[in-house]
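Here is a friendly walk through one protein model. Keep the sequence and the 3D view open side by side while you read.

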Amino acid sequence: MKSPAQLIILGLFFLLLKYHPAHAQQQMQFDLSGLPLFWQTVDILKSDRMPTEEQWDQLFQHPAYQQIDRQGQRKRRLIRNMPIAFMPSKKAKLDSILTQTEGFSNFVCSHLVEAAQQRKMLDQFAVKLEKGDLTQKALTAAKQYLPRGTTERFAPPKVYLILFEPNGFGGPNLVLDLLHVIKNSEVENISFIAHEAHHSYRSRLDEIEFPDNKSDDFLLLYAFAGLLEEGIASMLDKKEYPQIDIHSIPEDKRSDIVTFNQAFANAPNTLQQMDRWLQEMKANPSQTAELGKQIHSSLTWGGHPDGLYMALAIEKTLGRKKLIATNDDPFEFFMVYNKAAKKSKGGYYRFSKESEAFVKELRKRYVK
């Protein structure tokens with residue numbers, strides 16, 4: 001029989017095992033392995049040669065470039081715009097594109113040209129980032145809107161730094177544009193990376209089983225998912241946008257915030273139209289595919305401002321814990337939002353009983 005002292009020591013031993021570093025939060029790490037492949041492709045193009053299919057494959061078979069293509073179909077866009085940005089024989093076309101004020105080609109080409117002009121600085125800064133603690137700070141921020149224990153439960157995503165456009169993707173791993181990161185302040189980068197990290201961890205909690213992309217419900221479910229995913233993640237980096245003094249923002253960042261705030265202010269109208277379409281779908285299920293497409297396309301920026309409007313309503317009315325509890329279920333996010341809208345005196349748009357009933361039917365079909 002063990003003495004009381006031995007029992008205490010044994011208890012402490014098992015307590016230490018329980019909280020061994022293997023169970024503790026692991027840290028996200030930057031991965032720079034995609035950068036040499038990007039510069040290799042740039043050098044080929046600058047010699048006025050088009051990369052061979054095999055050389056393009058070397059770039060786009062890298063996990064980071066595979067992810068941005070899988071999530072955002074970026075391969076086709078880069079193959080079209082990288083030659084324009086870097087081949088001497090296409091300079092006239094590049095100059096024409098750069099004189100335009102809008103358009104995706106201008107958005108990408110101007111960014112790629114600037115990246116090439118700062119190549120040495122970018123490579124040096126990437127190494128500096130790799131040795132810093134930016135990812136740790138971002139992960140701490142991301143935990144604010146994740147269920148307790150999530151970052152301990154799952155292995156951390158890699159944080160790939162590559163070059164493609166001023167953007168980021170959060171999925172199995174995080175993919176960030178290096179030049180975009182460099183242009184941000186540390187505070188902006190913490191919230192930017194936290195937003196993408198939230199996507200990565202939240203996706204592993206998901207209880208929804210998506211249908212085949214040929215299903216009539218596919219785009220409708222994608223819209224619901226976008227409201228949840230972007231709504232809660234935007235609490236980390238865009239929560240203050242609606243109250244921000246636009247004149248305090250650098251001019252090169254104003255237009256995006258102005259566009260976001262306009263969509264946020266219009267969110268009640270967007271949700272009202274969504275409500276009408278949901279009612280039509282309930283009354284006439286044969287319209288689901290077409291009206292689901294309409295709902296999906298009506299959400300600005302994939303649901304960022306509209307989802308933020310809903311997430312803020314939940315947090316302000318029912319509390320952050322209630323919001324966090326919806327992370328695994330976009331239909332629950334919708335229902336909890338409507339509960340908050342009914343309870344709040346803040347004038348949030350309230351969905352109809354018909355729409356609520358229709359969403360409950362969807363939930364029964366697609367939540368595990």
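## A helix and its surroundings

Helix H2 (35-46), helix H3 (53-60), helix H4 (63-72), helix H6 (91-98), helix H7 (104-117) and strand S3 (168-170) are among the elements that cover the buried residues of H5; contact here means heavy atoms within 4.5 Å. Helices (H or I, at least four residues) and strands (E, at least two) are DSSP runs, numbered from the N terminus.

Before going further, a word on the model itself. This is a predicted model, in which local features need pLDDT of at least 70 and side-chain atom pairs count only at pLDDT 80 or more, while totals for chains, interfaces and linings use all residues. Residues are numbered from 1 along each chain as its sequence is written, and side-chain values use heavy atoms, with hydrogens and water left out.

Back to H5. This helix spans residues 74-86, 13 residues in total, and reaches 17 Å from its first C-alpha to its last. That is close to the 18 Å expected at 1.5 Å a residue, where the expected span is 1.5 Å times one less than the number of residues. Its buried residues are Arg74, Leu78, Asn81, Met82, Pro83, Ile84, Ala85 and Phe86. Buried means under 20% relative accessible area, exposed over 50%, and partly exposed in between (1.4 Å probe, protein chains only).

How do H4 and H5 pack? Their angle is about 110°, and their axes lie 7 Å apart. That makes H4 roughly perpendicular to H5, a label for angles of 65 to 115 degrees. Axes are lines fitted to C-alpha atoms, for helices over the stretch in contact, and angles run from 0 to 180 degrees between N-to-C directions. On the H4 side the contact is made by Tyr65, Ile68, Asp69 and Gly72, and on the H5 side by Arg74, Lys75, Arg76, Arg77 and Leu78.

## The sheet

The 4 strands form an open sheet in the order S1-S2-S4-S3, with mixed pairing. Strand S1 (29-31) and S3 are the edge strands, each pairing on one side only. Two strands pair if DSSP finds at least two bridges between them. From one strand to the next, the twist averages 25°.

S2 (residues 158-162) runs parallel to S4 (residues 174-177), and 4 bridges join them; here Tyr160 stands opposite Val175 in S4. S1 and S2 also run parallel, joined by 3 bridges, and Phe30 stands opposite Val159 in S2. Because 4 of the 5 residues of S2 are buried, this strand is largely enclosed by the rest of the structure.

## Residues to look up

Most residues other than glycine have a negative phi. The table lists two residues with a positive phi although neither is a glycine.

| Residue | Loop | Phi | Relative accessible area |
|---|---|---|---|
| Asp48 | between H2 and H3 | about 65° | 35%, partly exposed |
| Gln73 | between H4 and H5 | about 50° | 43%, partly exposed |

Lys183 sits in helix H11 (residues 178-183) and counts as partly exposed at 43% relative accessibility. Leaving out residues up to four places away in sequence, Lys183 touches Glu114, Glu188 and Lys253.

## How confident is the prediction?

The mean pLDDT of the protein chain is 91, and 93% of its residues reach 70 or more. Over residues 4-23 the pLDDT is below 50, and this stretch has 6 contacts in the model beyond near neighbours in sequence. pLDDT is the predictor's confidence in each residue, from 0 to 100. Where pLDDT is low, the predicted coordinates should not be read in detail.

Methods: Parallel < 35°, antiparallel > 145°, perpendicular 65-115°, else oblique.
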